Every structure is written in C-alpha cells, then in structure tokens.
Amino acid sequence: MPTYNIPSSDIVCSDPELEQYRDQCIESYGDNNILMLPPGNYLKVELGSKTRTQLQGGIYKIKQLLVMQGANITVAKGQQAIVYVEQAALSGNVNKGGSPDELYIFGTNNDANYFVSDVEIKASINLSSTVEMVGYLYSAGNINISANYANKVDIADRPQTLRGAVTARNLRIDTDSNIWAGGTCVQEKEYDLVITPEKANTLSCDRLPITLNVHRKNNYQIDSTYNGNIVVSTSLNKPNLAYWFSSENDNTNANDASEPINVRVINGVARLWLKSENYIGNIAVNGILRQNANTLATAMGQYTIVPFKFEISRTPLKIIANKPYNITVKAMACADKKNNNAVATGYSGTRILSLNTQFIAPATQANSKVELRANPQRSWSTDEAQLVFKKGIALGQLRYSDAGKVVLNIIDRECNREQGCDIGASAKFQADDWTQLDGSVMIHSRPWTFAMCPQAGASFKGTINSGNGLGAAGDGFVVRAKPLQWQAGDIHEKAAIIDVNQDQYCQRPITANFFAQDAPVATVTAKIAGIATPKNGVQGELSGRTYQKNNQYHDTTALLFTDLRWSEVGSVKLAMTSSNYLGMTINPSQRAIGRFYPKQLVIKDSSIINAHTESSPFTYMDQAFNVNATIEAQNAAGKPTRNYGAFDSTLKENLQLTAVDLHVKNSPNDLSLRLDQSNLVDGWQHDWQQAQLTITDGELTFKRLPQNGNHSAAVITTADGPFTVGLGLSVQSRSECSTLGCTDFADKTQLLQRYNQPQQLTTPLNGSVDSRYGRMVLENVNGVFDQPLTMPLKVEYWNGHQFEVNSDDSRSRFNSEWSCKHIIYTSKPHQQAHLGIIVSKVLRGENYSLKVLPALEENDTYLKQQLRFWLRIAAQPAMNIGCSTTKTTNQPWLTFNWRGIGDEDPSGLVTFGSYRGNDRIIYRAEKGLNQPIE
C-alpha cells in the first residue's frame, strides 16, 4: 500500500494540501461516459450514484474506496482485478453479473505484510444493505455488514447479496444477508433429485407416500444441509381426480393433484401423500428443484391407481443376499363400505403367478433375478410360481442372491376385468384401465458379511510363533474385502460378528452388484477388533485409508483396501464393518492378519566408555572397556513396536557387534576378530524386552595380536597399533527374508570392509576406543652398597614406531608387596635386599616412589648384591624364577615379552656395590657375576 500520511476519514480531493496527489484522488458522480480506471496507486476513489466504472484488470492500491448506492463497477472482459484497500464503503453494484474469479478485494494497510501478526491492522470494509457484489472479499481487519454505516449512503430495506467468498479477522453481520459460495475457490453445489418410490401400484382407497430427496451430484446420499422448495406437478389435466396431502392421516390440507404445488424441503427431504378420488389409471408425478429462477434438478415417478392388487408382507423387505425369506401374499381390494382396503377373501385356490424382477439400484442384473417358491419342498423359480391362496392369503418364500434394490412384481394374468376374477368384492367404479391383478414389493438386499482376503502371493496366517511375514509395521498392506452371500448353516443374527479366519471364505460366492456404480452407497470401514498374537499384546493403531465407499477402489470381486497401516507387530484381529447399507447393518466380520514385523531398528542411545578417562580417553589392548546401547524396534513412523519382545526367538533378528579401524579408508578395516565379547550376557543378541534390546555396561576387550606361528603354551604378542576402533551393530543376514520378513537398521553409515568381500554398512555406536598396546617398565638401577636405590617405573605404549611414555595414564597401579625377586649374586647369602613397601600409581605415565633397600646389618662394612625384581600384574608369574607370590594387581594388558619366552610381569635389575670411575663401572667381585639371568 502506498504511504500517505493523511487520515482516511479526512480525505477530500479538493483540499489544497492534496495537490501533489491530484491525479490519485478520484471523485466521480457520473456522466454519459464510462470511467476507465487503470491499475495503480490511489489516495481515494469515490463513485457517485450514477457512475459507471470499469476496472481494467491488474493491481489497484486504494487508501479509501467509496461506492455509493446506484454506482456500478465492472471488470473488463477476460481480466482480473486485485484491489488492496485500507478503508472501503460499498453500496452499489460491484461486478454484478460477473464471475467471482474476476475481482479480489483485500482489506489491508500494508500490502506486503498484511498477514504478519505484529502489524497494526486498521483495514475496514463496510457493506450496506444495498450492495450486490460478485467477488472474493478479504480483510486483515474488519468486515461489517449492516443496515447503516455513518449515514453515507441511502439505505434500502433489502438484504445484501454477495456471491463468492468472505474472509476476515473480524466479521460482523447486523442485518439479513444473502451470501452465496461461488467461483473456482469455492465449489458450487450441483444436485440430484431422487423420488421414492419411482414406480408403484396403489389401491384407490390408500394414500401413497412419496418422498423427494435432494442429493449432492453423483453422491447418492441426502444433502442434509439443503433447505428450499420443490415444485411438484402431475399428468392429471382434470380437477378432483386425485389430491395431495401433507401427512398420512391429515384431511384438512388437501391440494388438487392437477395443479402444481410447492413442497418444502427440510434438511434435504420433502414428503407428501397422493390419494385417488374415484380414479383408476396411471399418474405421472414430476418434481423440480429450483433456486431463484434456476432449475437445479428434476425427478419423475410413475404410479398406477388400481382397484385390486397383491400386497406382499411389508415393504421394503430387508433381506440378506441368498437367504430364504418367508413372505405372505394377500389379494387386497377397496371393498368395504367405508372404502378402506381389505383382504379379498374370494380369491382362493392354486394360482399360477408370473414373476418379474426390476433392478432399481443398481439397474443391472448380476447374479440372478428374485426367486420365489411356495414352500421349502418346492424348487425355486424366477419366471412363475404356484401359490395356494386361502381366502385371499398365500404363504411362500423368496430369495435374491445379490445386493441392492430390486422390485419383485407378482402378476395373475388370468384375473382381470375381461376374464373375470372372483375376489369376493364388488367394485364401486368402472375399472377400464385395470387389466390384471398384480402387486409388487421393494426388496432391499444386503451382503451377509465380508471375507478378508490377501492379495495374490500373500498370506494372512503369520503369528509371533510361525508362518510367513505379511509386512512391516506402519507400511501399507492390502486387504481384499469380498461381500459374501449367505449359505445354509451360516450365522444370521443381526449383530453377530462373523469369524472369517478360514481361507475358504475367500472362495465363497459374492454379491457382485455391491460394486456397481449406481448401487446404493455404503461406507465400509476397517478397524481393529483386538490383538491376535501375542496374547494381551499392545493393540496399536490402524491408519491409512481405513474406510471407503463400495463404489470406489474395487475390482470385479472385492473392495480394495490398499493403504491400511498397523502400528504394531504380531498379528491383529481386523474387523470389516458397514452399518448403513439401505438402512441395514451388514454383519461385521473379523480375521487375524499377520505377521507384521518391525520396519526398522534404531540405536536410541549408545556410548563407548574407554577404560582410562583421566586425560585423553584410551584403553590398553586386552583391557576391558564398557559399552552401553539401547536398540529399539520401530514402525515406519519411528514409534516403538512393543510386541516384538514376545516373538519366537527364531523370528527375531540376531544382532552382531563388529569393530572397524576408523583411520582406514577404502581398504579392509575389519577388526572384529580382535573384539572379545565373551563377557557380554549370553544371548544378548535377541534378548528383546518389548520394543527394546539393552546392553548395560557391556564389558568388551580389544585383544592383542598373537605372534604368527605361536603354538607354545606361553602367550607371546606383537605390538601394533594404535587403533581408533569404532563399534557397529548390524543384523545377521538370513535367507528367509522373502517369506518370513526381515528388519534392518535404519541409519547404517559405518563402512565395514573385509578381505575379498563386498562392502557392508553398520550402524555406529557413539564414541570410539583409542586402543593402545601398553607395557609397564622397571628401569635397571645401581648404586653404593649401603644406600636405598630408586627404581623408576613407567607405563609405555607403542606409537606405531617405538614405545613411548603414556602421559595419558594416571591410573595404572602397583603394589610392591606383590612382587617376586631372583638373587643373581650376594657376598653374604643370608642377606637379601628387598623392595620398600608402597602401593601407588603412575602420574602421567611415570612413578619414582619405588625404593629398593639393601638390608644391611650394623657390622657390615661392605656388601655386594645383584637381584632382579618382578612386580606382579599377570595372572601367572614369570617363568624360571620360583616365585611364590600369588597376589597380583591384575593388569595383564601391561605385560611384555621381555625375555623372549612370553608376555610376563615387568622386571628390573638392581645392583648394590658399584662405583663409577673413569667412566666405567667397577665391580669388586668375579667377572660376569653381574649379568642378568636369561
């Protein structure tokens, strides 16, 4: 909207202050010419009572728009005008006679942002009672429809008329208004008019009820929102032959049937009654649905007034397809003194009756015609039947093997005016048009129930214990719903639920007319009736297209539910229902359908916890680290499938944990063989609890690499690495997926490459293992014979090229009491050096608190000793030293093959009694006695 710093209520085009806006301020009060208003920005447009204005199409931005009563606005042919206004007062004709799609009026004070919530909305559109408008009207502010606003226009006492659409933040209506939906934005309704019955015979002494129903076009259902009038006329051209009545018993409001009458439609239905007055013959009835002067729909009925007729039980007969139905046939006449109908008692004996079936809805024959027989011992016939009448009444059976509306006509061709027919009554009038005794009955026939059948190649028999898989939870699956005929032995109670679990139901005869396009409409609904397996399982939800009409989505034998989705796993009891087919409830059916399995596996939460977390997290090879993971079985919507834990173990997925070197790209990186999983709970791979499988503090180790060809009893390993090890989960492959159904992880992003095998993807756990080959080192020390010596202790790891101090380690520990020693030499055999008692750990990979004491007596002037000390960390002590200490600070991941005979405890050589001189060590003992043992 252009910015004008002028209040709208004060806009006067002659104001000198508006000189700069002179070409944008229009005040027109009419002349012989049409005002052609081009698109553009306008401060004001005021159109007087005689002004004819044409909008040229395009975008108009108008601060103030005034249209007086009598003014006329049109839109150029083939154009579309879009008008943005801040204030509008409309009283005249605005696009009257045009199309709503030609004119859009938007009330806003900011055309670029009028949908933004924090903009102050001042827009206001006022409609007086004289406006007639065709278009789409929108206001981000107010729309007021009232009989008077600010006295700016003349007011006529008639309601506004608007055809199109109205949308506003605030809408106020203070007077009668006619607002009609129209245009392509709003689908205008089209209608059908249906007359019931369409054909009928009625006794001259009876009132024939006739119903006119308003349907939406091709919808076959009453439009309960419609209220209006129907003009009803007949083919009678003489008065006093027949009359219309407004109810079955009211005699006060009779209208001559030879004159057209208006019948009120309430909620889509109009009713009236037709009665003859001494008239025998045919009457055609015509109904016209009108709105203003427009004819929306018509309907025609054909009725015959007769002196005598057959009456067959009640009408309509409501039956189940193919199920015999007992009927009573009566010969009726208008024969008593009060001209009421009565049984014609003179009509007796065995009568040969002709049968004729009229197919109403649908109008085509599929399975057969209506069949009739005298009793269960006689054969069925569709052409004629012999019934035995006693005093005008006969008993029989009929059946119809299809669904829909049909009319059975029963005719006694030998009972007419010419041949005579003793019916025990005398007619009071001349029945020139009466040629035969006949009667009809409307039959409403429904299917018995629905079979639920799989599509070709599929099976519904899977359970949590056996059988094939049907589909993944949440994925669409197909059910073919077949409307079945009743057969002898079938349950027929009205509310009975029919169990159709057996496949034989899918081979049963169907009611083919149930699918016809012009068949009576019914909504068939699929719903959950319960859980089949597991027992007491979670029922879940059924979604997708769970209902449809019987004339949609079908083939020649079944309704096709092609997008049903169940949120759970296992097998579900599916029900198929239809509660209003010709006013009847089709017996609901149910069937167990399965097996559904999870759509995907997802790692909901996971962590890898290195053994050392004091600095940069890492774990020594052969040292345990912990893994936590929660894996969830889910449906296609990402929701948990809680019945999965109840599956038989053979039908659950078997998970496998793998390890990869994260630093290796595009070449073999599989380290799974070095991953020791023996400490995990046995069977963890399929230990599902409802929808989840959980690994809690699972203990794993990344093993050291054994030396090639090492077959000795001693463990000898080779330093390698370091490795950044990633862990992943995958599903163990199996060959039965095409039948049993398989589930895989959803997010497989971690590459697993084995030698000479295709690449695989696994789902990674959060984190990684910094796996290092480590060892604990005791340094050799020497010194004077009578002073304690400090033995440095270090923890090292292999960096890929050499060993270096592991400065990330501040946890590895030692206990000097748990040690062994081997004496190499002592000048006094009864004296032995020993380690000082200390329990400690390294700091940034080193420790200098370990002391070796010479153990001297007071009178010793000189003592030479050489020993090797082992700190116990391995399960077994070093070989060939005779160590008796069994206690250990169990850290086997820090052992090393120091002597070439296997991985063992760390050891160091201690020499007391050495002196440094001339840059060499001089021993006061025999040569060679200071060498370490092998």
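**Cysteine pairs and a nonpolar patch**

Reader: Let's kick off with Cys205: is it buried or exposed?
Author: This is a predicted model, so keep that in mind. Cys205 has a relative accessible area of 10%. The cut-off for buried is under 20%, so Cys205 counts as buried.

Reader: And Cys334, buried or exposed?
Author: The relative accessible area of Cys334 is 4%. Anything under 20% goes in the buried class, so Cys334 is buried.

Reader: How many disulfides turn up if you search the whole structure?
Author: A disulfide is a covalent bond between the sulfur atoms of two cysteines. To be counted here, the two sulfur atoms have to sit within 2.5 Å. Searching the whole structure that way, the number of disulfides is four.

Reader: Which cysteine does Cys205 pair with?
Author: The sulfur of Cys205 is 1.9 Å from its partner's sulfur, and the cut-off is within 2.5 Å. That makes the pair a disulfide, and the partner is Cys334.

Reader: What handedness does the link of Cys205 and Cys334 have, and how many residues apart are they?
Author: The angle about the S-S bond is -85 degrees, making the link left-handed. Cys205 sits in the loop between strand S15 (199-203) and strand S16 (207-216), while Cys334 belongs to strand S26 (residues 325-334). The pair therefore connects distant parts of the chain, and the answers are left-handed and 129 residues.

Reader: Moving on, what parts does the disulfide of Cys453 and Cys506 tie together, and how many residues apart are they in sequence?
Author: Their S to S distance is 2.1 Å, and both Cys453 and Cys506 are buried. At -110 degrees about the S-S bond, the link is left-handed. Cys453 lies in strand S34 (residues 450-453) and Cys506 in the loop between strand S37 (498-499) and strand S38 (523-533), so the parts tied together are apart by 53 residues.

Reader: Where does the partner of Cys820 lie?
Author: Cys820 is buried, with a relative accessible area of 5%. A disulfide joins Cys820 to Cys883, S to S 1.4 Å. Cys820 is in strand S63 (residues 819-826), and 63 residues away Cys883 lies in the loop between strand S68 (865-871) and strand S69 (907-912).

Reader: Now the surface: which residues make the nonpolar patch of about 250 Å²?
Author: One member lies in strand S12 (residues 160-173), namely Leu171. Leu171 is partly exposed at 46% relative accessible area, and patch residues need over 30%, so Leu171 clears that bar. The full set is Leu171, Ile173 and Ile179.

Key:
Residues numbered from 1 in each chain as written. Predicted model: local features only at pLDDT ≥ 70, side-chain atom pairs only at ≥ 80, totals over all residues. Heavy atoms only, no water. Patch = residues over 30% accessible without salt bridge, like charges linked within 9 Å, V, L, I, M, F, W, Y side chains within 5 Å. Areas by Shrake-Rupley, 256 points an atom, 1.4 Å probe, with all protein chains shown as cover. Salt bridge = Lys/Arg side-chain N within 4 Å of Asp/Glu carboxyl O. Helix = DSSP H or I, 4+ residues; strand = E, 2+ residues; numbered from the N terminus. Buried < 20%, exposed > 50% of the residue type's maximum accessible area, 1.4 Å probe, protein only.
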